[in-house]
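Q: Please take a close look at one part of this model, the nonpolar patch on its surface. Then set that part beside the salt bridges and the confidence values.

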Amino acid sequence: LQLAALASGIWLGCPRKWSWTGIGLLVLAALFCGALAATLTRASWIGLAVAGMVMLWLRINWRARLIALISIALALVGMNALLVEWRGVGFYDSSDISFQYRRMMWEDGFRLMREYPWLGIGMDTVLAHWQDLGLRAYEKFGLHSHFHSTPVQLVVERGLLGFGAWLVLLGAYLKLLWGLV
């Protein structure tokens, strides 16, 4: 995702888009996008679409923005159709096992946030002490993974103070990026 977005962004900023360098960047971006598409990872597809929209929004006029919005909407509809054909589930399907797993992890994550609000439970404590913490998804599905949400993961493990620090760092990074734009 990051490499596809980076190659696309560099291509958008390239002054000579149809030079050998520009074409090389475009091919590289297409290859990274193809590799990402092959993963069938829904969240990454949506993330790349949002990153692409932001980059385009900053570089093009309103007509081109409208065309880009329509193109991305059509691409997401097409990707959803491919997901249904290849995996039997679309972007949102409550019968999907991975969706059920995520929902249970989020529910338990919000419970743990209420129980340990300020400092959290500690990094990687979930993996070692999941039974003590009552993680239903680990027990039901036998998969010991993560919360599938960066904010939930951060608040559960590091508490509201750690999450606040992360937001400050993210804000500083966005400010730096905006200054570069």
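A: Seven names make up the patch: Leu-167, Leu-170, Tyr-173, Leu-174, Leu-176, Leu-177 and Leu-180. Together these side chains form a nonpolar patch on the surface. Their joint accessible area is about 670 Å². Leu-174, one of the patch residues, is found in helix 8.

How far can this be trusted? The model is predicted. Helix 8 covers residues 150–180 and has the highest confidence in the chain, at a mean pLDDT of 93. Confidence is lowest in helix 4, residues 62–87, at a mean of 76. For the chain, the mean pLDDT is 83. Of its residues, 93% reach 70 or more. Where pLDDT is low, the predicted coordinates should not be read in detail.

Now the charged side chains. The structure holds 6 salt bridges. One of them joins Arg-158 and Glu-157, with the closest N and O atoms 2.8 Å apart. The two partners differ in cover. Glu-157 has 6% relative accessibility, so it counts as buried. Arg-158 has a relative accessible area of 27%, so it is partly exposed.

Salt bridges that share partners also build a network. Its members are Arg-103, Glu-107, Asp-108, Arg-111, Glu-115 and Arg-136.

Two of the links can be followed in helix 5. Start with Glu-107 and Arg-103. Their side chains meet in a salt bridge at 3.9 Å, N to O. The cut-off for a salt bridge is 4 Å, so this pair falls within it. Both residues lie in helix 5, which spans residues 97–115. They are 4 residues apart, about one turn of the helix. Glu-107 is partly exposed, because its relative accessibility is 39%. Arg-103 is partly exposed too, with a relative accessible area of 36%.

Next come Asp-108 and Arg-111. Their salt bridge has its closest N and O atoms 3.7 Å apart. Why are the two about one helical turn from each other? They are 3 residues apart in helix 5, so about one turn separates them. Asp-108 counts as buried, because its relative accessibility is 3%. The cut-off for buried is under 20% relative accessible area.

Back to the patch. Leu-174 belongs to the nonpolar group and sits in helix 8, where the mean pLDDT is 93. The network, in contrast, is built from charged side chains, among them Glu-107 and Arg-103.

Terms used:
Residues numbered from 1 in each chain as written. Predicted model: local features only at pLDDT ≥ 70, side-chain atom pairs only at ≥ 80, totals over all residues. Heavy atoms only, no water. pLDDT = per-residue confidence, 0-100. Patch = residues over 30% accessible without salt bridge, like charges linked within 9 Å, V, L, I, M, F, W, Y side chains within 5 Å. Areas by Shrake-Rupley, 256 points an atom, 1.4 Å probe, with all protein chains shown as cover. Buried < 20%, exposed > 50% of the residue type's maximum accessible area, 1.4 Å probe, protein only.
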